[in-house]
Amino acid sequence: MELMGPIIEIVKCVGCPIVRYLKHQIKFNDYLEKFKVSKDDLRSRKHDIESKLNTELRYGKVAKQELQRWLNDAENFIARPEVEDEVNGWGCLSCHCRVKILEERIRELKEIYERGERYTNECLVIDDPSALVVELTTSELQGSEALKANILACLKGEEVTMLGVWGMGGVGKTTIMKHVHNELLKEGKFKKIIWVTVSQNFDIRKLQEQIACSLNLKEKLEEHQNETIHAGVLSKMLEEQKPYSLILDDVWSSFKLEDVGILKPNVTNGCKLVLTTRLQDVACSMDCRIIQVKNLSNEEALKLFLNEVGDIVLSDHGGGIKKDLESTLNEIVDECDGLPLALITVAGSLKGISELRLWSVALKQLRDCKRNVAGTDADAFKILKFSYNRLNNQQIQYCFLYCALYPEDYKILKEKIIEN
């Protein structure tokens, strides 16, 4: 009995701290479990918001800066060491202190999680001020609406990833694709829409630079690097822009996409490639689904010609074609063989002219050009020769011939022409 008193005193001294320790330990374990669950919730919210953002990002759009800051904060918090590893480093701290630190972590986590609530419902993107959403200037589309709709359907669907728009020179391939390009801008399906004119003198390095320039990233292609390194750099650029639509206009020879650095379009990356060409073999060798652009029908050709030549050919009574011009006009339209380029060019040269004699002269010139030209692009070249002959000024003709000495798509300075 004499020992009971000291024992009771010892129990009083030691028991209270033990009870407090056990309470703090239980509380710490509860907080630790709550922290783990809350961190998983934050990870899930971040994943859902990133998925939503990827759905909304497209050409001409960029993530809100405030959203970007939240994603960075969430990523930095999630990337911290697992809390168990941190706890092991707190061994010298009392259980009470560890509870306090964990409480602070939970409050920080909760604040980040609640900040992300708004992004689950609101739009996550804004217009990108650095992206110029520019529609390509083009003429009115004549007789090709069904063709345009077919091309758009291929680009919007998943079955076709590479498309070859094939037709003879001057038939309107570029005009159709400009309309398709402008339509895609409105649709917003692609993150980036890239238009590049390739031309007859194909050069891999030039094509790489043109694509990089369209992405405003040309400076990343260093001059000392070779084409192979450029291809790797360009591939990474395009990887960041997917899903994109790449339109290559006026392709004359086939090439390997990997040599340039162009990603192989497929259902997974969502990218599309369209090329326009005069040569069916080029489209076939690049494994493209071919869509042929045919010449306009007689009715479509006449409508286009009348739109371009103006009302001067129309009768004052009833709005039909003037009787004295009708036969010659129809013959001229027939000579144009349904080529939009030919119809627009010839009509332009006759705009404002109502004398039958001058129309007959134009018809004779057109037929003479056709007899003197042969070959695959004879019809297109015939119109070029017709236009040249009707310049009716030797100085202007010399200027035209001088410009023809420059490479295709070369930027000719007016000052240079004047000097020479």
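This report describes the fold, side-chain pairs, surface patch and backbone exceptions of one protein model.

## Overall picture

The model is predicted. The protein has 17 helices and 7 strands. Of its 420 residues, 37% are buried. Long-range contacts are frequent: among contacts between residues at least 6 apart in sequence, 75% join residues at least 24 apart. The protein exposes about 24100 Å². Carbon and sulfur atoms supply 52% of that area.

## Salt bridges

The count comes to 21 salt bridges. Three of them are listed here, with the distance between nitrogen and oxygen.

| Salt bridge | N to O distance |
|---|---|
| Arg 45 and Glu 117 | 2.7 Å |
| Glu 50 and Lys 46 | 2.8 Å |
| Glu 108 and Arg 80 | 3.0 Å |

Take Arg 45 and Glu 117, whose side chains meet in a salt bridge. Arg 45 lies in helix α1 (residues 4-56) and Glu 117 in the loop between α4 and β2, so the pair ties together parts that are 72 residues apart in sequence. Arg 45 counts as buried, at 11% relative accessibility. Glu 117 is partly exposed, at 39%.

Arg 45 has another partner. Its charged end sits over the ring of Tyr 113, 3.9 Å from the ring centre. Lys 189 offers a further case of a charge over a ring: its charged end sits over Phe 190, 5.6 Å from the centre of that ring.

The salt bridge between Glu 50 and Lys 46 is local. Both residues belong to helix α1, 4 residues apart, so about one helical turn separates them. Glu 50 is partly exposed, with a relative accessible area of 28%. Lys 46 is buried at 10%.

Glu 108 and Arg 80 form a salt bridge that links distant parts of the chain. Glu 108 is in helix α4, while Arg 80 is in the loop between α2 and α3 (83-88). They are 28 residues apart. Both ends are partly exposed: Glu 108 has a relative accessible area of 27%, and Arg 80 has 30%.

Salt bridges can also join into a network. Lys 64, Glu 66, Arg 118 and Glu 122 are linked in this way.

## Aromatic pairs

The structure holds 6 aromatic pairs. One of them, Trp 70 with Tyr 119, is tilted. The rings are 6.1 Å apart centre to centre, with 55 degrees between the planes. Trp 70 lies in helix α2 (residues 65-78), and Tyr 119 in the loop between α4 (95-115) and β2 (125-127). The pair therefore ties together parts that are 49 residues apart in sequence. Trp 70 is buried at 0% relative accessibility, and Tyr 119 is buried at 3%.

Phe 305 and Trp 359 form an edge-to-face pair. Their centres are 6.2 Å apart, and the angle between the planes is 70 degrees. This pair ties together two helices: Phe 305 lies in α11 (residues 298-309) and Trp 359 in α14 (residues 356-371), so the linked parts are 54 residues apart in sequence. Phe 305 is buried, with a relative accessible area of 0%. Trp 359 also counts as buried, at 0%.

## A nonpolar surface patch

Which residues make the nonpolar surface patch of about 620 Å²? They are Phe 381, Leu 384, Leu 391, Ile 396, Tyr 398, Phe 400 and Leu 401. Helices α15 (378-389) and α16 (394-404) each supply at least two of the patch residues. The largest share, 4 residues, comes from α16. Leu 384 is found in α15. Leu 384 is partly exposed, with a relative accessible area of 39%.

## Backbone exceptions

Most residues other than glycine have a negative phi, and most peptide bonds are trans. Three places in this model depart from those habits.

The peptide bond from Lys 242 to Pro 243 is cis, with omega near 0 degrees. Pro 243 is found in the loop between α8 (227-241) and β5 (244-251).

Ser 199 has a positive phi of about 75 degrees, although it is not a glycine. Ser 199 is in strand β4 (residues 192-199) and is buried at 4% relative accessibility.

Asp 250 also has a positive phi, near 65 degrees. Its place is in strand β5. At 17% relative accessibility, Asp 250 counts as buried, because the cut-off is under 20%.

Key
Residues numbered from 1 in each chain as written. Predicted model: local features only at pLDDT ≥ 70, side-chain atom pairs only at ≥ 80, totals over all residues. Heavy atoms only, no water. Phe/Tyr/Trp six-rings, centres within 6.5 Å; stacked < 30°, edge-to-face > 60°. Buried < 20%, exposed > 50% of the residue type's maximum accessible area, 1.4 Å probe, protein only. Lys NZ or Arg CZ within 6 Å of the ring centre and 35° of its normal. Patch = residues over 30% accessible without salt bridge, like charges linked within 9 Å, V, L, I, M, F, W, Y side chains within 5 Å. Areas by Shrake-Rupley, 256 points an atom, 1.4 Å probe, with all protein chains shown as cover. Salt bridge = Lys/Arg side-chain N within 4 Å of Asp/Glu carboxyl O. Contact = heavy atoms within 4.5 Å.
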